[in-house]
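Here are some exercises to work through with the model open beside you. Try each task first, then follow the solution step by step.

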Amino acid sequence: MSTLSPEAALALADRYWRVCGEVRALPSYADQNFRISGEHGDYVLKVAHPSWAYADLDLENQAMLTLAAREPSLQWPRVMSSIDGEHLLALFMEDGVQHVRMLSFVPGMTYAEAITAVSPNRRPALHESLGRAVGLLIRGLADFRHPAAGRAQDWNLMSLPAVRGEIAHIEDAALRAIVAAQAESFCAKLPVWRAQLPITVLHNDANDLNVIVVLDGQGGGKVDAIIDFGDMCTSFRLCELAIACTYAMQHEADPVACAQAIVRGCLDLCPLTRVELEQLYDFIVARLCHSVLMATRAHRQQPDNPFVLVSQQGVRALLHTLAGIDPNAIVAPFLETCHE
């Protein structure tokens with residue numbers, strides 16, 4: 001994939017969206033993203049890697065459009081139509097046809113950045129705010145459908161069995177034992193859960209880099225947006241809540257209290273069933289195991305790349321902590337009042 005210069009990106013933005021301003025490249029794993037700051041606001045021009053199909057990108061756009069219409073209290077990235085009324089363009093470039101789109105830039109700090117600025121006594125309110133954002137996400141996509149939503153996705157927890165072979169390559173013996181026990185248990189329960197638990201289309205990645213927080217200047221803050229829809233898939237509805245808990249808990253000395261506040265906020269807007277809540281611990285631990293296994297595979301494939309393990313310290317510490325707690329500790333306060 002050839003590299004597009006910021007000047008060329010700005011020319012595309014002007015030609016197809018009439019967006020002008022200061023432009024700079026943004027970091028991205030595979031795509032090319034450019035932030036453009038103009039007199040009418042800030043935008044992100046996204047040039048997709050050629051491996052992305054039109055249907056995959058349309059899935060993301062349609063989800064964002066749906067959420068913006070149904071749940072406007074959160075600042076979802078807005079999908080901008082071109083001057084011809086299209087929201088996803090196929091443009092001929094040096095490497096062939098590439099898909100280009102324009103989204104609004106969502107201001108604020110990532111949760112990972114903001115959490116260090118929130119005072120300890122204000123963190124429970126932030127956690128509840130995160131839970132409410134997850135509730136809006138689940139509620140907004142409740143009956144969302146798209147032909148590409150059933151695509152294979154490495155980060156879909158239903159795909160955990162596909163990476164069990166990496167367990168043998170975990171070097172830390174204690175961690176390997178935890179992952180082996182928890183991952184095997186989760187995989188064994190999947191057939192029953194497929195019949196019991198609600199399955200829907202998910203954002204699937206409300207991690208601490210994709211959750212945007214606005215600080216209030218008084219030691220507190222609230223979640224204002226969830227961004228990056230690239231990992232969307234069809235899976236258990238419970239995954240949205242489990243993923244948000246997994247990443248927020250890593251920043252806290254009391255991860256159980258953190259998760260309880262997130263659950264409380266979510267249930268305020270989006271009631272879950274009792275059987276879902278009873279599995280929350282298993283889903284949180286499974287996401288942690290999934291992260292360890294994916295990082296282990298990436299490290300084997302790229303042994304000289306130190307960045308593939310950069311986020312693993314928090315993941316592995318939380319996994320060790322959760323392995324020693326009562327599985328019902330997080331959800332016990334909510335089971336008596338939740339729906340069957």
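Helices (H or I, at least four residues) and strands (E, at least two) are DSSP runs, numbered from the N terminus. This is a predicted model, in which local features need pLDDT of at least 70 and side-chain atom pairs count only at pLDDT 80 or more, while totals for chains, interfaces and linings use all residues. Residues are numbered from 1 along each chain as its sequence is written, and side-chain values use heavy atoms, with hydrogens and water left out.

**Exercise 1. A buried acid in a loop**

Task: Locate Asp31 and work out which residues Asp31 touches.

Solution:
- Step 1. Start with the loop between strand 1 (22–26) and strand 2 (32–38), where Asp31 lies.
- Step 2. Look for a charged partner. Asp31 is buried but has no salt bridge, and Lys46, the nearest side chain of opposite charge, is 4.9 Å away. Buried means under 20% relative accessible area, exposed over 50%, and partly exposed in between (1.4 Å probe, protein chains only). A salt bridge needs a side-chain nitrogen of Lys or Arg within 4 Å of a carboxyl oxygen of Asp or Glu. For charge, Lys and Arg count as positive and Asp and Glu as negative, while His and the chain ends are not counted.
- Step 3. Turn to polar atoms. The side chain of Asp31 has a polar atom 2.9 Å from the backbone nitrogen of His49, and the side chains of Asp31 and Trp52 share a polar contact of 3.3 Å. (A polar contact is a pair of N or O atoms within 3.5 Å; within protein, one must be able to donate a hydrogen and the other to accept it, and residues adjacent in sequence count only if both atoms are side-chain atoms.)
- Step 4. List the contacts (heavy atoms within 4.5 Å). Not counting residues up to four places away in sequence, Asp31 touches Val47, Ala48, His49 and Trp52.

**Exercise 2. An acid in a helix**

Task: Which side chain makes a polar contact of 3.1 Å with that of Asp282?

Solution:
- Step 1. Find Asp282 in helix 9 (residues 280–301).
- Step 2. Check the burial: Asp282 counts as buried because its relative accessible area is 18%.
- Step 3. Collect the neighbours. Leaving aside those within four places in sequence, Asp282 contacts Phe186, Lys189 and Trp193.
- Step 4. Pick out the partner: the polar contact of 3.1 Å is with the side chain of Lys189.

**Exercise 3. Two positive phi values**

Task: Are Arg18 and Asn204 buried or exposed?

Solution:
- Step 1. Recall the background: most residues other than glycine have a negative phi.
- Step 2. Take Arg18, whose phi is near 60°. Arg18 sits in the loop between helix 1 (6–17) and strand 1, and is exposed, with a relative accessible area of 55%.
- Step 3. Take Asn204, with a positive phi of about 75°. Asn204 is in the loop between strand 8 (199–202) and strand 9 (211–215), and is buried, with a relative accessible area of 1%.

**Exercise 4. Looking for disulfides**

Task: How many disulfides does the structure hold?

Solution:
- Step 1. Apply the cut-off: a disulfide is a pair of cysteine sulfur atoms within 2.5 Å.
- Step 2. Give the count, which is zero.
- Step 3. Test Cys239: the closest cysteine sulfur, in Cys233, is 7.1 Å from that of Cys239, too far for a bond.
- Step 4. Test Cys270: the nearest cysteine sulfur, that of Cys266, is 5.3 Å away, and Cys270 is in no disulfide. Cys270 is buried at 7% relative accessibility.

**Exercise 5. An open sheet**

Task: Which strands stand at the edges of the sheet?

Solution:
- Step 1. Trace the order. Three strands make an open sheet, ordered 7-9-10, with antiparallel pairing. (Two strands pair if DSSP finds at least two bridges between them.)
- Step 2. Name the edges: strand 7 (109–110) and strand 10 (221–226) each have a single partner strand, so one side of each lacks a neighbour in the sheet.
- Step 3. Count the bridges. Strand 7 and strand 9 pair over two bridges, and five bridges join strand 9 to strand 10.
- Step 4. Match residues: Met109 has Val213 as its bridge partner in strand 9, and Val213 has Val223 as its bridge partner in strand 10.
- Step 5. Finish at the turn. Strand 9 and strand 10 form a hairpin with five residues between them, and Gly217 in the turn has a positive phi of about 80°.
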